[in-house]
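Reader: Hello! I am new to this structure and would like a close look at a single part of it. Could you pick a strand residue, show me what surrounds it, and then lead me outward from there?

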Amino acid sequence: MIAKRIIPCLDVRDGRVVKGVNFAGLQDVNDPVTLARFYNEQGADELVFYDITASAEERGLFTDILKNVASEVFIPLTVGGGINELSDFERVLNCGADKVSINSGAIRRPQLIEEGAKRYGSQCVVLSIDVRRVDNQWHVFAKGGREDTGLAALEWIRQGEQLGAGELVINSMDTDGVKQGFDLELLKAVSEITTLPIVASGGAGKSQDFIDLFRLPKIEAGLAASIFHYGEVKIPELKKQLLAAQIPVRIEG
């Protein structure tokens with residue numbers, strides 16, 4: 001059985017890691033380079049770096065901070081924020097990213113998924129989707145959760161897979177930062193319509209939430225931010241609890 005992945009997320013604004021609730025009320029947390037080093041040492045399986053205001057501010061991702069983060073980690077690094085053209089892929093990959101996360105740029109121009117997959121391989125293209133319930137339907141949101149696109153989330157996921165995305169990050173805006181558990185209903189619905197690896201994001205509050213998540217058969221990774229940033233859940237202890245629950249994880253040494 002494939003080992004489940006534990007992935008801390010660095011949401012970066014103005015050079016600092018921030019975190020909020022339901023994509024709002026952002027509070028300063030720490031320096032991204034310091035946190036990247038910490039998570040590398042703690043046994044995280046991967047790290048995600050999002051420049052969370054790049055798309056809304058219509059600018060490129062801050063590559064100087066990214067280079068510093070990449071120099072501190074020896075685990076796969078996924079990077080997103082302001083990825084709108086194929087040249088943006090090249091820019092972040094040259095800074096040390098292993099995978100490129102696309103969201104708003106792909107919504108504006110879906111062919112970006114296909115172009116990235118053809119140039120760099122599907123394994124490099126991560127389709128990140130911010131999802132919120134609107135009138136009992138799951139909608140795709142853009143620009144860091146600021147804009148309801150009206151797109152049906154499950155249809156967008158199907159299209160993304162057809163265009164060549166290699167992995168999905170499903171960000172539930174309804175559970176983000178609430179710490180009451182992952183959005184299992186949404187994740188189950190996604191798992192039923194795709195064959196792609198699914199990274200679940202939004203809602204982790206305790207170790208049991210990851211155990212509940214990984215009991216869904218097609219979820220390969222759990223992504224979280226504040227519970228790791230504030231030490232509420234420590235990755236080595238989380239992995240021990242997952243192993244005790246007979247969920248396979250990678251243990252250092």
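Author: Happy to. Let us start at T78, and leave aside its neighbours within four places in sequence: T78 is then in contact with E46, L47, V48, F49, K99, S101 and V126. Please keep in mind that this is a predicted model. T78 itself sits in strand β5, which runs over residues 77-80. Is T78 buried or exposed? With a relative accessibility of 3%, T78 counts as buried, because the cut-off for that word is under 20%.

Two of the residues that T78 touches, E46 and K99, lead us to the charged side chains. Salt bridges with shared partners tie R5, E46, K99, E167 and E220 together in one network. Over the whole model, the count of salt bridges comes to 22.

Three other pairs are worth a visit. In one of them, R37 bridges to E72, with 3.0 Å between the closest N and O atoms. This pair connects distant parts of the chain, for R37 belongs to helix α1 (residues 32-42), while E72 is in the loop between α2 (63-70) and β5, 35 residues apart. That loop brings us back to β5, the strand of T78. Both partners count as partly exposed: R37 has a relative accessibility of 34%, and E72 has 22%.

Next come D88 and R91, whose side chains meet in a salt bridge at 3.1 Å from N to O. Here the partners share helix α3 (residues 86-94) and are 3 residues apart, about one turn of the helix. An α-helix has 3.6 residues a turn, so residues three or four places apart point the same way. D88 is buried, at 10% relative accessible area, whereas R91, at 26%, is partly exposed.

The remaining pair is D183 with R133, joined by a salt bridge of 2.9 Å, N to O. Once again distant parts of the chain are linked: D183 is in the loop between β10 (167-172) and α7 (184-191), and R133 is in strand β7 (residues 125-134), 50 residues apart. D183 is buried, with 7% relative accessible area, and R133 is partly exposed, at 30%. Strand β7 also takes in V126 by its numbering, and V126 is one of the contacts of T78.

Now let us return to helix α1, the home of R37. Which residues of α1 are buried? They are P32, V33, L35, A36 and Y39. Around the axis they span an arc of only 160 degrees, so they lie on the same side of α1. Just after this helix, G43 has a positive phi, about 95 degrees.

Helix α6 (residues 153-163) can be read in a similar way. Its buried residues include A153, W156, I157 and G160. Viewed down the axis of α6, the buried residues fall within an arc of 100 degrees, and therefore they line one face of the helix. G164 follows α6, and its phi is positive too, near 115 degrees.

A smaller detail is found in helix α4 (residues 104-108), which holds S104. S104 is buried, at 5% relative accessibility. The S104 side chain reaches the backbone nitrogen of K143 at a distance of 2.7 Å.

Let us turn to the nonpolar side chains. In soluble globular proteins, nonpolar side chains tend to be buried together. The largest nonpolar core here has 70 residues, and the members that touch the most others are I102, I170, F210 and F228. Which residues does F210 contact, once its neighbours within four places in sequence are left aside? They are I6, F182, A204, G222, A224, I227, F228, L238 and L242. Another core, of 10 residues, lies apart from the largest one, with Y50, V199, L223 and A225 among its members.

We can finish with the cysteines. How many disulfides does a search of the whole structure find? The search finds 0. C9, for instance, is in none, as the nearest cysteine sulfur, in C124, is 17 Å away. C124 has its closest cysteine sulfur in C95, at 13 Å, which is too far for a bond. Both C9, at 2% relative accessibility, and C124, at 5%, count as buried.

Technical notes. Residues are numbered from 1 along each chain as its sequence is written. This is a predicted model: local features need pLDDT of at least 70, side-chain atom pairs count only at pLDDT 80 or more; totals for chains, interfaces and linings use all residues. Side-chain values use heavy atoms; hydrogens and water are left out. A disulfide is a pair of cysteine sulfur atoms within 2.5 Å. Buried means under 20% relative accessible area, exposed over 50%, partly exposed in between (1.4 Å probe, protein chains only). A nonpolar core is a set of buried Ala, Val, Leu, Ile, Met, Phe, Trp, Tyr and Cys residues joined through side-chain atoms within 4.5 Å. Contact means heavy atoms within 4.5 Å. Helices (H or I, at least four residues) and strands (E, at least two) are DSSP runs, numbered from the N terminus. A salt bridge is a side-chain nitrogen of Lys or Arg within 4 Å of a carboxyl oxygen of Asp or Glu. The arc is that of the directions from the helix axis to the C-beta atoms. A polar contact is a pair of N or O atoms within 3.5 Å; within protein, one must be able to donate a hydrogen and the other to accept it, and residues adjacent in sequence count only if both atoms are side-chain atoms.
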